[in-house]
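Colleague: Could you take me through the cysteines in this one, please? I would also like to hear about a few of the residues and charged pairs that go with the picture.

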Amino acid sequence: QLQLVESGGGLVQPGGSLRLSCAASGFTLDYYAIGWFRQAPGKEREGVACINNSDGMTIYADSAKGRFTISRDNTENAVYLQMDGLKPEDTSVYYCAGGRESSTTIRAIWDRPFLYKYWGQGTQVTVSS
């Protein structure tokens, strides 16, 4: 069974940090792009960051640049999202998703949910004092 499982969410104070994990089972992430998305109540799902495991390319939404870092560990078959300097507006359910497309396509539309075939169940991140 092909599956992505997120973990690492929780409650953190503004300015704090969390590291989210996305572990794959049933398939290898080596040739997949993994995107992190988030969705707050009443809002559309938005792309946060993406890593293309086939060439290591990373892309960030403007809201994530300078604060979030996406990385991979091929030996663990996992992708991580290190989030520093968290703000209340980062509060959302965070999802990881996997898809296979060319690097050109990924670079152009990495933040479109339809690009990704596999989705995790989500992990809640709450930033509050």
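Modeller: Happy to; I will start with the cysteines, then turn to two buried residues, and finish with the salt bridges.

A word on the ground rules: this is a predicted model, in which local features need pLDDT of at least 70 and side-chain atom pairs count only at pLDDT 80 or more, while totals for chains, interfaces and linings use all residues. Residues are numbered from 1 along each chain as its sequence is written, and side-chain values use heavy atoms, with hydrogens and water left out.

The structure holds 1 disulfide, a term used here for a pair of cysteine sulfur atoms within 2.5 Å. A disulfide is a covalent bond between the sulfur atoms of two cysteines. The partners here are Cys22 and Cys96, with an S to S distance of 2.1 Å. Cys22 sits in strand E3 (residues 18-25) and Cys96 in strand E9 (residues 92-99), so the bond ties together parts that lie 74 residues apart in sequence. Strands (E, at least two residues) and helices (H or I, at least four) are DSSP runs, numbered from the N terminus. The torsion about the S-S bond of Cys22 and Cys96 is about 70°, so this disulfide is right-handed.

How accessible are the two partners? Cys22 has 0% relative accessibility and counts as buried, and Cys96 is buried at 0% too. For these labels, buried means under 20% relative accessible area, exposed over 50%, and partly exposed in between, using a 1.4 Å probe and protein chains only.

Cys50, on the other hand, is in no disulfide; the nearest cysteine sulfur is that of Cys22, 11 Å away. Cys50 is buried as well, with a relative accessible area of 1%.

Strand E3 also contains Leu18, which is buried at 15% relative accessible area. Contact here means heavy atoms within 4.5 Å. Setting aside neighbours within four places in sequence, Leu18 is in contact with several residues, including Gly8, Val12, Leu81, Gln82, Leu86 and Val125. With Gln82, the C-alpha atoms are separated by 6.1 Å, although Leu18 and Gln82 are 64 residues apart along the chain.

Asn53 belongs to the loop between strand E5 (46-52) and strand E6 (57-60). Despite being in a loop, Asn53 is buried, with a relative accessible area of 5%. Not counting residues up to four places away in sequence, Asn53 touches Leu29, Asp30, Tyr32, Ala33, Ile34, Arg72, Asn74 and Val79.

Now for the charged pairs. A search of the whole structure finds 5 salt bridges, each being a side-chain nitrogen of Lys or Arg within 4 Å of a carboxyl oxygen of Asp or Glu. One of them pairs Glu46 with Arg38 at 2.7 Å, N to O. Glu46 is partly exposed at 36% relative accessibility, whereas Arg38 is buried at 5%. Arg38 and Glu46 also belong to a network of salt bridges that links them with Arg67 and Asp90.

Another salt bridge brings together Asp62 and Lys65 (3.2 Å, N to O), and both of these residues are exposed. Arg112 and Asp111 form a further salt bridge, at 3.8 Å, N to O. Arg112 is partly exposed, with a relative accessible area of 40%, and Asp111 is partly exposed at 31%.
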